[in-house]
Amino acid sequence: VSEKQTLGFQAEVKQLLQLMIHSLYSNKEIFLRELVSNASDAADKLRFEAINNDALFENDPELKIKVTFDKAARTITISDNGIGMSRDEAISHLGTIAKSGTKEFFSKLSGDQQKDAALIGQFGVGFYSAFIIADKITVDTRRAGASAAEGVRWESTGAGDFSVEAINKASRGTDITLHLREGEDEYLSAWKLKSIIRKYSDHISLPIVMQKEEWDEEKKETVVKDEFETVNQASALWARSKSDITEEQYVEFYKHVSHDFEAPLTYTHNRVEGRSEYTQLLYVPSRAPFDLWDRNKRGGIKLYIKRVFIMDDAEQLMPIYLRFVKGVIDSSDLPLNVSREILQESRDVRVIREGSTKRVLSLLEELANSDDQAQKDKYATFWKEFGQVLKEGIGEDATNKERIAKLLRFASTANDSDAQTVSFADYIGRMKEGQSKIYYATGETYAAAKNSPHLEIFRKKGVEVLLLTDRVDEWMLSFLQDFEGKELASVAKGGLDLGTLEDEAEKKQHEETETQFKDLVEKMKTALADKAKDVRVTFRLTDSPACLVADENELSGNLLRMLKAAGQ
Ligand code: ADP
Ligand code: MG
């Protein structure tokens, strides 16, 4: 097919474009960051494919990004000599949204411009953000390895459709030309473009070049030279030394690797030497992504080997329960031709994963144990966004179980809030004299757990009970029998032994009551023979007449309900 073809955008793209243009207008300069970020990704992809096929470099091995503008034509062009796109790729990559979480994103839009702007940012603005300042975009592209005749021109005004046609393109890669909207001429300035690049894209490891400008004494004006100069630092940020990197650069780099719009909550940057040599730059986002619960989703770690990009979402480098961590790991030991399958088996990878896991846990501990209120608040934010995922670690990571247990936070009868703020250490610090166990109640909701009749006796005795109501809790508890030698005990299970919390007089009274009701209990046992395993006189209730309890070794009522709901 060589003639021009017009195709409609996917409905979601149309919606996204509309929203973006209206709600991100005050942030419009980010278009350049997004296009530069894509150009950099395209170079990474080329380097990676070229590991096994050197010919893809086509005598043009110096990868770079070129930014030019034309005052008369009122255009800005961002060019790269990266991987490029075939016709099919241009149609699908620039005409549809293939991101996970797309459905959730659209369902969350409220129509409130400010809220939606934040959501769009979180979803990732990408290529389409260029339509904020351009009323027409022309993309000329040719995939590495394809012939010059296989070039493609993609063009759109960002309304409902786009066109694609075949063109001749001698150079590999992509030129994106923005035809500026009326009133956006401020971007037709080398100074303006350079300052945006330095602000948002300084960390890009490829050179971003622009034409030199010089003052001409005779003409009394600045003239644009044919010579190009590099505008950014052009070295991999994670390979620079910490002291040379500013906070802003760390934040911008995060936005680049995570496609997030917001700053991260915290990060850690280390060069690890020893059994395995690697650099890690790992970030904890400040907000959970739309698809946090999709366990099939691969993690957020980009793997580089000696500065060469190898793959996105290298899930082997981080355990599943830390899948929210974003960043880069650059290994000095792995072979360049590594595949996902090899990664699975590799001893080096295991060492890296263990090391990175420990780094992330320390990072969280630093926040959780800090005396600084701002840091503590960050941990509270972390827990709200990612606590439920971290809980999976109790079952998944036996090695670090204790460390993870210390990071857990719960709602509790000690306060009147459903906020999960109480740690095991807090609980132990408030234990009653003679209390040996950590008591908890599970339930489907905070209200249900809090109003459980099982809590009556605890309330009466002033014993604190943790209230566990997240879906993962029952599963997690099956891996967590104790904390620092103190048994975790459900208030709803078995014969409740409040141990030395029961005094002698109470014990005697309980025995008398039991004798008094012996006959009644026997009658009830016979009557309920096929419905209840046992009938007992209970002292755990103070207001309710009766309650059901699970056997010591049985699944609790709540877990049974969950399993039934899941069709087990
Ligand atoms: P994202 O970068 O998050 O994937 P974008 O909207 O920024 O989303 O880009 C969409 C897709 O278009 C990219 O994933 C890539 O496949 C393709 N693309 C965009 N710009 C380029 C480019 N300069 N070279 C090659 N492919 C590109
Ligand atoms: Mg992008």
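## Exercises on a predicted model

**Exercise 1. Find the contacts of V325.** Leave aside its neighbours within four places in sequence. Which residues is V325 in contact with?

*Solution.*
Step 1. Skip the neighbours within four places in sequence, and V325 is in contact with L282, Y283, V284, G300, I301, M318 and V360. Remember that this is a predicted model.
Step 2. Place V325 in its core. The largest nonpolar core has 65 residues. V325 is among those with the most contacts inside this core, together with L303, V465 and L466.
Step 3. Ask which element gives the largest share. Helix α10, residues 373–396, supplies six residues of this core.
Step 4. Look for a second core. A separate one has 55 residues, including L32, L46, V152 and L178.
Step 5. Link this to a general trend. In soluble globular proteins, nonpolar side chains tend to be buried together.

**Exercise 2. Describe the open sheet.** In what order do its five strands lie?

*Solution.*
Step 1. Read the order: β10-β11-β14-β12-β13, with mixed pairing.
Step 2. Find the edges. They are β10 (266–272) and β13 (308–311), and each pairs on one side only.
Step 3. Check the turn between neighbouring strands. On average it is 20°, direction ignored.
Step 4. Add the helix. Helix α9 (residues 347–368) packs on the sheet and touches β10, β11 (278–284) and β14 (326–331). The direction of α9 makes about 40° with that of β11.

**Exercise 3. Zoom in on the hairpin of β12 and β13.** How many bridges join strand β12 to β13?

*Solution.*
Step 1. Count the bridges. Three join β12 (residues 300–305) to β13, and the two strands run antiparallel.
Step 2. Name one pair. Y304 has F309 in β13 as its bridge partner.
Step 3. Look at the turn. Two residues lie between the strands of this hairpin, and K306 takes a positive phi near 45°.

**Exercise 4. Survey the shell around ligand 1.** Which residues come nearest to ligand 1?

*Solution.*
Step 1. Start with the shell. It has 17 residues, and N38, A42, H93, G126 and F127 come nearest.
Step 2. Sort the shell by class. It holds six nonpolar, eight polar and three charged residues.
Step 3. Find the main contributor. Helix α2 (residues 30–50) gives the most, with five residues.

**Exercise 5. Classify K518.** Is K518 buried or exposed?

*Solution.*
Step 1. Locate K518. It sits in helix α17 (residues 518–527).
Step 2. Count its surroundings: 11 other C-beta atoms lie within 10 Å of K518.
Step 3. Apply the cut-off. A residue with 12 or fewer counts as exposed. K518 is therefore exposed.
Step 4. Compare with R172. K518 and R172 are 346 residues apart in sequence and 90 Å apart in space, C-alpha to C-alpha.

**Exercise 6. Examine helix α5.** Which residues of α5 are buried?

*Solution.*
Step 1. List them. In α5 (residues 113–123), A117, I120, G121, Q122 and F123 are buried.
Step 2. Name the cover. It includes α1 (11–23) and α4 (102–108).
Step 3. Step past the end. Just after α5, G124 takes a positive phi of about 105°.

**Exercise 7. Step back to the whole chain.** How many helices and strands does the chain have?

*Solution.*
Step 1. Count the elements: 18 helices and 19 strands.
Step 2. Take the span. Along its principal axes, the C-alpha trace covers about 110 × 50 × 45 Å.
Step 3. Check burial. Of the 568 residues, 34% count as buried.

Note on methods
Residues numbered from 1 in each chain as written. Chains lettered and ligands numbered in written order. Predicted model: local features only at pLDDT ≥ 70, side-chain atom pairs only at ≥ 80, totals over all residues. Core = buried A, V, L, I, M, F, W, Y, C linked by C-beta atoms within 7 Å. Buried ≥ 20, exposed ≤ 12 C-beta atoms within 10 Å, placed from the backbone. Helix = DSSP H or I, 4+ residues; strand = E, 2+ residues; numbered from the N terminus. Contact = placed C-beta atoms within 7 Å. Near = placed C-beta within 6 Å. Nonpolar A, V, L, I, M, F, W, Y, C, P; charged D, E, K, R; others polar. Pairing = 2+ DSSP bridges. Axes fitted to C-alpha atoms, helices over the stretch in contact; angles between N-to-C directions.
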